[in-house]
Amino acid sequence: MPPVDVTVRPVERADLLAVVRIERECFSDPWPYDAFERLLDEPAFLVAEREGAVVGYVVADATPNHGRDIGHVKDLAVHPEARERGIGRTLLRSALARLRAVGVAVVRLEVRESNAAARSLYADEGFDPIRRVSNYYRDGEDALVLVIDLAEWTAGE
């Protein structure tokens, strides 16, 4: 059930400064503006808006793969003051639904091993760990690679 005070919609160029501000607030090694700008046309670059302000975003893309396209959740963040209201879950579910609608079969993502809140969210939604990548992040922390089959996810909703 989406938070009643949040609207999820496709990103617009005018949202990018707000997205970058949230990115900088949430991550020790934030993406630069131009990284987001290059992803504007991705099928699941979505923002969560509350009272006219962007409070979170998700960036996910699709890669053709012989009829079994692969999605990749590249980035997901919610402003610290807007957390614990279901906004991250709503963004994730919206992105997965969009990816499914464009033919994606499987979605993967990387998450910091120490990010218990994100790992819990992904596990709740049905993501399974498939491997650990040593020194994935610039600070040397390992990442867990998680995957979800969208047909199974859809059936479980």
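## Briefing: a pocket, two cores and a few residues

Leaving out residues up to four places away in sequence, Thr63 touches Asp69 and Ile70. That's one small corner of this structure, and keep in mind that you're looking at a predicted model. Beyond that corner, there's a largest pocket of about 1,200 Å³ and a largest nonpolar core of 30 residues. Here's the rundown by topic.

**Thr63 and its surroundings**
- Thr63 sits in strand S3.
- With a relative accessible area of 43%, Thr63 falls between the cut-offs of 20% and 50%, so it counts as partly exposed.
- Arg38 is 25 residues from Thr63 in sequence, and the two C-alpha atoms are 15 Å apart in space.

**The largest pocket**
- The volume of this pocket comes to about 1,200 Å³, and 38 residues line it, with Phe27, Leu76, Asn115, Ala118 and Tyr122 the closest to its centre.
- Five elements each put at least two residues into the lining: helix H1 (16–26), strand S4 (69–78), helix H3 (87–101), strand S5 (104–112) and helix H4 (116–125).
- S4 gives the largest share of that lining, with seven residues.
- By type, the lining splits into 20 nonpolar, six polar and twelve charged residues.

**The nonpolar cores**
- Within the 30-residue core, Val107, Tyr122 and Phe127 have the most contacts.
- Strand S2 (44–50), strand S3 (53–63), S4, H3, S5, H4, strand S7 (143–149) and helix H5 (150–156) each give two or more residues to this core.
- H3 makes the largest contribution to the core, six residues.
- A separate core of 14 residues lies apart from that one, and its members include Leu16, Val20, Val59 and Ala77.
- Back to Val107: not counting residues up to four places away in sequence, its contacts are Gly71, His72, Val73, Leu96, Leu99, Phe127, Leu146, Val147, Ile148 and Leu150.

**Glu110, a buried charged residue**
- Glu110 lies in strand S5, and it counts as buried because its relative accessible area of 17% is under 20%.
- Its side chain makes a polar contact of 2.8 Å with the side chain of His72.
- Another polar contact, at 3.4 Å, links the side chains of Glu110 and Tyr136.
- Setting aside residues up to four places away in sequence, Glu110 touches His72, Tyr136, Tyr137, Ala143, Leu144 and Val145.

**Exposed loop residues**
- Glu84 is in the loop between S4 and H3, and its 84% relative accessibility is over 50%, so it counts as exposed.
- Ala117 is 33 residues from Glu84 along the chain, and their C-alpha atoms are separated by 9.8 Å.
- Glu51 belongs to the loop between S2 and S3, and at 80% relative accessibility it counts as exposed.
- Asn135 is found in the loop between strand S6 (128–133) and S7, and with 56% relative accessibility it counts as exposed too.

**Backbone angles to look at**
- Most residues other than glycine have a negative phi.
- Glu51 isn't a glycine, yet it has a positive phi of about 50°.
- Asn135 isn't a glycine either, and its phi is positive at about 55°.

Notes
Residues are numbered from 1 along each chain as its sequence is written. This is a predicted model: local features need pLDDT of at least 70, side-chain atom pairs count only at pLDDT 80 or more; totals for chains, interfaces and linings use all residues. Side-chain values use heavy atoms; hydrogens and water are left out. On a 1 Å grid over the protein atoms alone, a cavity is a set of points where a 1.4 Å probe fits but cannot get out, and a pocket is an open set with protein on both sides within 12 Å along at least five of seven lines; lining residues have an atom within 4 Å of a point. Grid points are joined across faces, edges and corners, and a volume is the space filled by probe spheres set on the points. Helices (H or I, at least four residues) and strands (E, at least two) are DSSP runs, numbered from the N terminus. Ala, Val, Leu, Ile, Met, Phe, Trp, Tyr, Cys and Pro count as nonpolar, Asp, Glu, Lys and Arg as charged, and the others, Gly among them, as polar. A nonpolar core is a set of buried Ala, Val, Leu, Ile, Met, Phe, Trp, Tyr and Cys residues joined through side-chain atoms within 4.5 Å. Buried means under 20% relative accessible area, exposed over 50%, partly exposed in between (1.4 Å probe, protein chains only). Contact means heavy atoms within 4.5 Å. A polar contact is a pair of N or O atoms within 3.5 Å; within protein, one must be able to donate a hydrogen and the other to accept it, and residues adjacent in sequence count only if both atoms are side-chain atoms.
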